[in-house]
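Thank you all for coming; I would like to walk you slowly through one structure this morning. Please have a look at the sequence and the model before I go on.

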Amino acid sequence: MLLTVSGPPGSGKSTTAELLADAFDLDHVSGGDIFRELADERGYTPLEFNKLAEENDQIDRDLDRRLREIAVEADGLVLESRLAGWLAGEQADFRFWLDAPPQVRGERIAEREGKDPERATEETKAREASEASRYLEYYDINIQDLTIYDLSVNTARWEPDAVLDMLVTAVGEYDESGDEGQAAIQLEYEF
C-alpha cells in the first residue's frame, strides 16, 4: 500500500504521516526531511535553501525525482511532501491533503523552530508562494488544485489523533467495488 500525505508547511503532514505509518505498519519517507537535510548539509536554513532553489532548479528537480522514484519502486509506504500526491500519481492507493489557516501553520512552525509566530507566518507565506511558482513553472502543477486528492482535511479543526482516525477510516472503509475512479494525474514532465 502507498499512501501520500501532502499540504503546505505547518499543516501537520509530518505528524499525520508518522501516525499513519504506525497505524498501518508502513515505512515513512518525508520530502521535508530530505529537503532540510540537503539545506543543512550545505549550511543553509530551509528558507535560504528555498531561495537558492529559485535560482537553481536542479535542487527541486533532484528532490522530486528521488521522491518519484521512491513512489514508483516502494510498497508499504507513507510518502509525505508537498508534491507527494502528484509525484506518486496512480501509484498511490490514497492521496491525502492536509491544510490549516496560515496563522495556525505559522504558530506551529514558530513553536517547532523557536521563532516569533508572526515572522514564521510571513516566512511560510513567502516559501509557499515561491514553491507554488516553481511547481507551475517546472511541472505545470497548480499546487492549489486539490482535485487529485481523495480527502482534504483542515487540521486546525481537529487534534492529530482525530485527523488520523479520519484517514484510517477512509482507508479501512474503502470498497473497491464502489470505486468510481481515482483522479488521474496528467504530467508532461518526465521525472
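**Aromatic rings and the first helix**

There are six aromatic pairs here, where rings of Phe, Tyr and Trp (its six-membered ring) pair if their centres lie within 6.5 Å, planes under 30 degrees apart being stacked, over 60 edge-to-face and the rest tilted. This is a predicted model, in which local features need pLDDT of at least 70 and side-chain atom pairs count only at pLDDT 80 or more, while totals for chains, interfaces and linings use all residues. Residues are numbered from 1 along each chain as its sequence is written, and side-chain values use heavy atoms, with hydrogens and water left out.

One of the pairs joins F94 and F96, which are stacked, with 6.3 Å centre to centre and 5 degrees between the planes. F94 and F96 are both buried, and buried means under 20% relative accessible area, exposed over 50% and partly exposed in between, with a 1.4 Å probe and protein chains only. Y138 and Y139 are edge-to-face, because their ring centres are 5.8 Å apart and their planes stand at 75 degrees. Y138 is buried at a relative accessible area of 8%, and Y139 is buried at 2%.

Let me turn to the helix α1, where helices (H or I, at least four residues) and strands (E, at least two) are DSSP runs numbered from the N terminus. Which residues of α1 are buried? They are K13, T16, A17, L20 and A21. They lie on the same side of α1, because they cover an arc of only 135 degrees around the axis, taken from the directions from the helix axis to the C-beta atoms.
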